[in-house]
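Student: I am new to this structure and would like to learn how to read it. Could we begin with the ligand and then turn to the helices?

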Amino acid sequence: MKITEPSNLEQSQTDSKPSTRPISVSETSQLKIRENNIEILEKKYNKILTIDIDDIKLMNWIKHEDFYEVTFNYKQKFQDKFLFDLHSGRLGHQALMTKVGQDNFNYNYQKLETIKKIQNGEIIKCRKRDNNEIFAAKIQKINHFLIERELQINLHIAQNPHENVASMVEYYQENDLIIFIYPYFSGGTLNQLVNSNSKDLSKIKVKTIMKKILSGLNHIHGLGIIHRDIKMDNIMLEEINDHKSVRIIDFGFSAFKDNLNYLCEKCGTIGYFAPEIINGQFYNQKCDIYSLAQVFHMILTGNPMFDRNLNRQQIIRLSKNNLFAIDYRNVKESKAQSLLFKMLDFQENRYDVIQCLDHPFFYKSENLESKIKSVETCKFKSPF
Ligand SMILES: Nc1ncnc2c1ncn2[C@@H]1O[C@H](COP(=O)(O)OP(=O)(O)OP(=O)(O)O)[C@@H](O)[C@H]1O
Ligand SMILES: [Mg+2]
């Protein structure tokens, strides 16, 4: 088996082509996935092996023509190799890929391009070699304690997916790198959407986008997670110009809300974080609502709430005292203003996700959408 060289992620994998040696049925094993363990029926020895999923440190699945070759590296520092029939192999891989890391990224994916350089690595667009599907891979050096937390949160979301939250498909761990694989979202970020609409997103689009983000946030919060970095670049559209296909991405700053140790950590992005964060106070999930208010303002008006000419220190000073300037010329609707205020209030009075979703700002959107739908339906009705 080839061990991938992590320092060269673009390396092609031609030198580890699957063997074509025919494997007899009696040589393959079958596999059953249970909640916390897997049962392997080794036909060759006619015995059943039970493996605790938590004991597997890393795994490596290689699909051959008519079987899978699988290696499990255990935390106890030994390894096992199995040959699974195609059916067992496919099921086993699917069940374990969001639970255990793999170590053969280059074998499975080909890099197409860099999407963005990030602090600890890069986001790349890549192609899965076996089915040509396109994915995004977030490749980061494991040199920060937040990475382990990002992994735990990604795993939790992958086990509990939601249509408005990005779900990791699988992950790889190779020496000092961790690689999260996500579906590729071709619709770009909200920033790109606002720029491409020359700052003029229709009211209905804004309502739909806000509803979808709130729905995703409701799910995340329900899982006991605080995102802590809601911003224009961390909200994407799955498909271009499909404002319903919203996905919340980037759990790099996310935290489990019950761990009190994190909840006075200062993190997030300047211009988005809530006063309680900047003031070093204990905070809760409502900090995401404050950040979302900045996104709301941006998609309503095309402009950030803090003037672009302000420097970091000035923005921090204003944020500390919860001072902000709403662009009233572009937020004329009183319901939008009222919702914005509720989202920007100090923590104890600030709306949570459910209160936001219940706000009258969203009622009108539904009526309007249904009116539009009924007008559209009328168009097709025969006047005779
Ligand atoms: N699944 C995806 N599909 C397409 N593009 C993506 C995907 N995930 C991330 N990106 C792009 O990469 C950018 C950075 O991703 P992400 O926010 O996860 O990394 P980050 O470390 O937080 O980077 P930054 O410091 O820029 O916020 C996103 O803003 C988006 O443009
Ligand atoms: Mg980000």
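Tutor: Let us begin with a definition of residue classes: Ala, Val, Leu, Ile, Met, Phe, Trp, Tyr, Cys and Pro count as nonpolar, Asp, Glu, Lys and Arg as charged, and the others, Gly among them, as polar. Please keep in mind that this is a predicted model.

Student: How many residues of each class does the shell around ligand 1 have?

Tutor: The shell has 9 nonpolar, 4 polar and 4 charged residues. Of the 17 residues around ligand 1, those that come nearest are Ile118, Ala136, Tyr182, Phe185 and Asp250.

Student: Which strands each supply at least two residues of that shell?

Tutor: They are β8 (109-118) and β10 (134-141). The largest share comes from β8, with 3 residues. In terms of domains, at least three residues are drawn from each of domain 2 (106-183) and domain 3 (190-368).

Student: How should I read the packing of helices?

Tutor: Two packed helices are described by the angle between their axes and the distance between the axes. Here, helix α7 (residues 286-301) packs with helix α9 (residues 334-344) at an angle of about 150°, and their axes are 8 Å apart. Angles over 145 degrees count as roughly antiparallel, so α7 is roughly antiparallel to α9. The crossing of α7 past α9 is left-handed.

Student: Which residues make the contact of α7 with α9?

Tutor: From α7 come Ile289, Tyr290, Leu292, Ala293, Phe296, His297 and Leu300, while α9 provides Ala336, Leu340, Met343 and Leu344. By class, this contact of α7 with α9 has 10 nonpolar residues, 1 polar residue and no charged ones.

Student: At what angle do the axes of helix α5 and α7 cross?

Tutor: The axes of α5 (residues 203-222) and α7 cross at roughly 165° and come within 11 Å. Therefore α5 is roughly antiparallel to α7. In this pair, α5 passes α7 in a right-handed crossing. Val206, Ile209, Met210, Ile213 and Leu217 of α5 make the contact with Asp288, Leu292, Phe296, Ile299 and Leu300 of α7. The contact of α5 with α7 divides into 9 nonpolar residues, no polar ones and 1 charged.

Notes. Residues numbered from 1 in each chain as written. Chains lettered and ligands numbered in written order. Predicted model: local features only at pLDDT ≥ 70, side-chain atom pairs only at ≥ 80, totals over all residues. Axes fitted to C-alpha atoms, helices over the stretch in contact; angles between N-to-C directions. Helix = DSSP H or I, 4+ residues; strand = E, 2+ residues; numbered from the N terminus. Parallel < 35°, antiparallel > 145°, perpendicular 65-115°, else oblique. Left-handed = near helix turned anticlockwise from the far one by under 90°. Contact = placed C-beta atoms within 7 Å. Near = placed C-beta within 6 Å. Domains from an automatic or database assignment.
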